[in-house]
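This briefing addresses selected features of a protein model, arranged by topic. Please read it alongside the sequence and the structure shown below.

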Amino acid sequence: AQEPQGQPATLEASRGIILGSCNVEDGTKGMAMGNGNGRIERGEMVVVTCHLENRGANLAFPLRLDVVSENSDVILSGVQAVDFDEWQPADVKSMTFALSVKKRYSLPTSTPIPVRIHVARSAGQLLVNIPLDLHLFD
């Protein structure tokens with residue numbers, strides 16, 4: 001077996017990892033339980049798929065991606081962590097999770113929902129914190 005060529009998961013190797021886009025499914029597919037208008041609204045369960053790209057010049061390995069929120073009114077479920085043995089430059093990786101915002105959530109709609117993807121070494125050392133630009137609609 002050949003050893004992967006490139007950089008182990010370091011801050012330099014992981015800085016090139018960026019958020020490309022996030023898609024929201026709020027109909028009735030999978031875990032989604034919403035009205036199908038493509039918006040995140042209080043009380044709905046939506047499914048979010050985020051696409052991340054390694055825009056760095058080096059291979060990054062091994063990495064763990066965790067979806068987190070520090071707000072108790074934001075409920076995450078489904079797959080919230082993904083491990084990648086290696087991540088080639090220009091490769092796009094996707095992760096999907098479910099999100100629900102409680103009816104009592106009080107941050108203004110102009111403020112993004114406090115959800116982030118932590119990129120860490122498999123051993124747990126945080127390398128990059130990527131905020132998701134997800135907004136609540138009333």
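In this predicted model, the side chains of R116 and E70 are joined by a polar contact of 2.3 Å. R116 belongs to strand β9, which spans residues 116-121. The points below begin with R116 and then turn to the two sheets and the aromatic residues.

**Surroundings of R116**

- Apart from residues up to four places away in sequence, R116 touches D66, V67, V68 and E70, together with N129, I130, P131 and L132.
- E70, one of these contacts, is also the residue whose side chain makes the polar contact with R116.

**The sheet containing β9**

- Four strands form an open sheet in the order β7-β5-β9-β10, and their pairing is antiparallel.
- The edge positions are taken by β7 and by β10 (126-131), each of which pairs on one side only.
- From one strand to the next, the twist in this sheet averages 20 degrees.
- Strands of a sheet pair through backbone hydrogen bonds, in either a parallel or an antiparallel arrangement.
- Strand β5 (residues 63-68) runs antiparallel to β7 and is joined to it by four bridges.
- Within this pairing, the bridge partner of R64 in β7 is D83, while that of L65 in β7 is V82.

**A120 in strand β9**

- A120 is also located in strand β9.
- Is A120 buried or exposed? Its relative accessibility is 6%, so A120 counts as buried, the cut-off for burial being under 20%.
- Although A120 and L65 are separated by 55 residues in sequence, their C-alpha atoms are 6.5 Å apart in space.
- With neighbours within four places in sequence set aside, A120 is in contact with P62, L63 and R64, and also with Q125, L126 and L127.

**The two faces of β7**

- In a regular strand, side chains alternate between the two faces of the sheet.
- Strand β7 (residues 81-84) has V82 and F84 on its covered face, whereas A81 and D83 make up the uncovered face.
- Both faces supply bridge partners to β5: V82 is the partner of L65, and D83 is the partner of R64.

**Aromatic residues**

- How many aromatic pairs does a search of the whole structure find? The search finds one.
- That pair consists of F84 and W87, with 5.3 Å between the ring centres and 50 degrees between the planes, an arrangement described as tilted.
- The term tilted applies because the angle is neither under 30 degrees, which would count as stacked, nor over 60, which would count as edge-to-face.
- F84 is buried at a relative accessible area of 13%, and W87 is buried at 0%.
- Elsewhere, the charged end of R39 sits over the ring of F137, at 4.5 Å from the ring centre.

**The sheet containing β3 and β8**

- Another open sheet of four strands follows the order β2-β3-β8-β6, again with antiparallel pairing.
- Its edges are β2 (17-25) and β6 (74-77); each has a single partner strand, so one side of each has no neighbour in the sheet.
- The twist in this sheet averages 30 degrees from one strand to the next.
- Strand β3 (residues 45-54) pairs with strand β8 (residues 92-101) in the antiparallel sense, over nine bridges.
- For C50, the bridge partner in β8 is M95.

Notes: Residues numbered from 1 in each chain as written. Predicted model: local features only at pLDDT ≥ 70, side-chain atom pairs only at ≥ 80, totals over all residues. Heavy atoms only, no water. Phe/Tyr/Trp six-rings, centres within 6.5 Å; stacked < 30°, edge-to-face > 60°. Buried < 20%, exposed > 50% of the residue type's maximum accessible area, 1.4 Å probe, protein only. Lys NZ or Arg CZ within 6 Å of the ring centre and 35° of its normal. Pairing = 2+ DSSP bridges. Axes fitted to C-alpha atoms, helices over the stretch in contact; angles between N-to-C directions. Polar contact = N/O pair within 3.5 Å; in protein donor to acceptor, adjacent residues only side chain to side chain. Contact = heavy atoms within 4.5 Å.
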